[in-house]
Amino acid sequence: MQLKKTGIAIAGLTSMAIAASDKCNVVTIQTYLPYGNVLTADYVKNNGTYGQPSQYGDDIAFPNNATGLPDLCAVYVNASSSDTSSFRFGLFMPDDWQENRFLATGLGGAAGGVDWETMGYGVKNYGCATISSDTGHNSTMSDASWAFNDEEARQDWGHRALHLSTELAKNIVNHYYDQTISHSYYAGCSTGGRQGLRALEMYPEDYDGVLAGAPAWYTQRLQTSEVLLGIYNLPENATHHIPSDQFEWIFEQVLSQCDIADGILDGIVSSPETCDFMPEKLLCGPSSNTSECLNPEQIETLNKIHSDWKSGMNDFIFPGFNLGSESTWMLTQEADDGSYEPAGFSVNYVQDFVRNDKSWDWTTFSLDDTYLAEKLRPGNATADEFDLRPFKQNGGKLIHYHGKADGSIPTGSSSYFYKQVQRNLVPKGVTIDDFYRYFEIPGMNHCMGTPMNAPWFINGVNQAQQLSSMPKFDAESDAFTAVIEWVENNRTVDYILATKYVSDDPAQGVEIQRPLCPYPVKVKYSGSGDVNSADSWTCDN
């Protein structure tokens, strides 16, 4: 329920809430903006709901409202980012503002829109003044048409709109509360993870702490690699094509071979990198049911998908998918004409970001398309400035995580990022562990969930939306609280407890809990005790 300012005292509200609701109006909030326009400012009462203001059209990528909100002021702002581009952001300012904290949240894919539902994550769980930027456009996660021949729009998506939204929102927050923000944070996954990494590289003073999940940081190579993955498995009538309904069966075969790779038979592929997987065991015999076996050409396709992409000179381009990620692979999709093409916004990325050519045919794809994308750097989106000293010197802390069963963004892209930061900073005398910890989550899909019986919940962005009820939070089992504790109390993050709840419902109790160790440290079973208990595992160099 939305409660707009009426000038009438409301029974049951505290004097502080009444004062807040009096300030929560367009005219007052507008005075807090150095530029831009306040479109709406609505006071939302406790346990209320809020979403896209109807007079400004549908938020097509993020149609869900935030629910169960505390008393707060909801603000919607539009501002220019250049002579030809603009952006919008939403801002929640709770009456009970915890420790004067500010939080920015990220988006996913090519999406544009204010994610009001995820903003609720910040105010409900942590009492932060929380924002979401539409990154300068309104579109679904796979639609990149807004970027066609428009570098200003690409720059907004790549980095600029989030930065400007953060600056303007901070100005509003400081004036609204008549207090100064104490600490600023960022949390996002996928494209949202990339946004966080790019922000700390380009604008190291924007955030004191960043929680970046499964970041799509290597934009040019990630998007073009998705074209190649689709080509591997097309056309649909080829003998090498693996039907998508076989991916789950393939995963089950990988699980049967790779579960034991870490020495523990527990239904989880924890160590895909050490599994000696033999795809030949999946080959069809002369009278096999072909839905439960693969021909030699399909085996070759499977090997390509699992392998790193390399150039003709054997130079690394981009990692392949981990063993154990197969059940969530989305390699191809139906095109408008009923045919099939590579999935995601990969084809649109080349057409709209790189070539500015709607007629570009994905069947002509070559490494030259990737090299052109590398040269042009559309939107300056790729987070490849690995000298993170400015962020560190500003006191910044980064927690980075990635599921080892991610079938959307290969987990190896995150370990590659970590190693590039290491190569850049260690020769300069910087101890990375002082400000940056990276965690791999065995069995977790893209950003959340699991195809196995793996502990995956660390309360990353959007993870709680997958649960039936809300768990309690602490710095051991909640990654965002861990960021806060590291920034504000210098509590180093030596592990994070990942949790699998019974039927994904915290009210039914914990089913499995296991520590995640900072990369490259491996978690090891102590040799005795319940394998489902975190007490039976240690982080061992």
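Visitor: Which residues form one aromatic cluster?

Guide: This is a predicted model. The structure holds 39 aromatic pairs. One cluster is made of Trp-217, Tyr-218, Phe-316, Phe-318, Phe-386, Tyr-416, Phe-417, Tyr-418, Phe-435, Tyr-436, Tyr-438 and Tyr-519.

Visitor: Are the rings of Trp-146 and Trp-157 stacked, edge-to-face or tilted?

Guide: A pair of aromatic rings is described by the distance of the centres and the angle of the planes. Here the centres lie 6.1 Å apart and the planes meet at 55 degrees. Planes under 30 degrees apart count as stacked and those over 60 as edge-to-face. The angle falls between these limits, so the pair of Trp-146 and Trp-157 is tilted.

Visitor: Where do Trp-146 and Trp-157 lie, and how many residues apart are the parts they tie together?

Guide: Trp-157 belongs to helix α4. Trp-146 sits in the loop between β7 (129–133) and α4. Both Trp-146 and Trp-157 are buried. In sequence, the parts tied together are apart by 11 residues.

Visitor: Which charged residue sits over the ring of Trp-157?

Guide: A charge sits over a ring only if it is within 6 Å of the ring centre. The charged end in this case is 4.4 Å from the centre of the Trp-157 ring. It belongs to Arg-194.

Visitor: And which ring does the charged end of Lys-23 sit over?

Guide: The charged end of Lys-23 is 4.8 Å from the centre of a ring. That ring is the one of Tyr-176.

Visitor: Is Trp-537 buried or exposed?

Guide: Trp-537 has a relative accessibility of 7%. Buried means under 20%. Tyr-525, at 25%, is partly exposed. Trp-537, by that cut-off, counts as buried.

Visitor: How many salt bridges does the structure hold?

Guide: Side chains of opposite charge can pair when their charged atoms come close. One such pair is Arg-377 with Asp-384, at 2.8 Å from N to O. The number of salt bridges in the structure is 19.

Visitor: How many residues apart in sequence are the parts that Lys-404 and Glu-273 tie together?

Guide: The side chains of Lys-404 and Glu-273 meet in a salt bridge, 3.2 Å from N to O. Lys-404 is in the loop between β14 (397–403) and α12 (412–425). Glu-273 is in the loop between α7 (247–258) and α8 (296–306), so the parts are apart by 131 residues.

Visitor: Which of these partners is buried, Lys-404 or Glu-273?

Guide: Glu-273 is partly exposed, at 45% relative accessibility. Lys-404 has a relative accessible area of 6%. That value is under 20%, so the buried partner is Lys-404.

Visitor: Why is helix α9 largely enclosed by the rest of the structure?

Guide: Helix α9 spans residues 346–355. Among its buried residues are Tyr-349, Phe-353 and Val-354. The buried residues pack against α4 (151–177), α6 (219–232), β13 (340–342) and α10 (367–376). The helix is largely enclosed because of the 10 residues, those that are buried number eight.

Visitor: Which residue forms a salt bridge with Asp-352?

Guide: Asp-352 is one of the buried residues of α9, with a relative accessible area of 0%. Its partner is partly exposed, at 44%. The closest N and O atoms are 2.8 Å apart. The partner is Lys-358.

Visitor: Which residue takes a positive phi just after α9?

Guide: The phi angle there is about 50 degrees. The residue is Asn-356.

Conventions. Residues numbered from 1 in each chain as written. Predicted model: local features only at pLDDT ≥ 70, side-chain atom pairs only at ≥ 80, totals over all residues. Heavy atoms only, no water. Salt bridge = Lys/Arg side-chain N within 4 Å of Asp/Glu carboxyl O. Helix = DSSP H or I, 4+ residues; strand = E, 2+ residues; numbered from the N terminus. Buried < 20%, exposed > 50% of the residue type's maximum accessible area, 1.4 Å probe, protein only. Contact = heavy atoms within 4.5 Å. Phe/Tyr/Trp six-rings, centres within 6.5 Å; stacked < 30°, edge-to-face > 60°. Lys NZ or Arg CZ within 6 Å of the ring centre and 35° of its normal.
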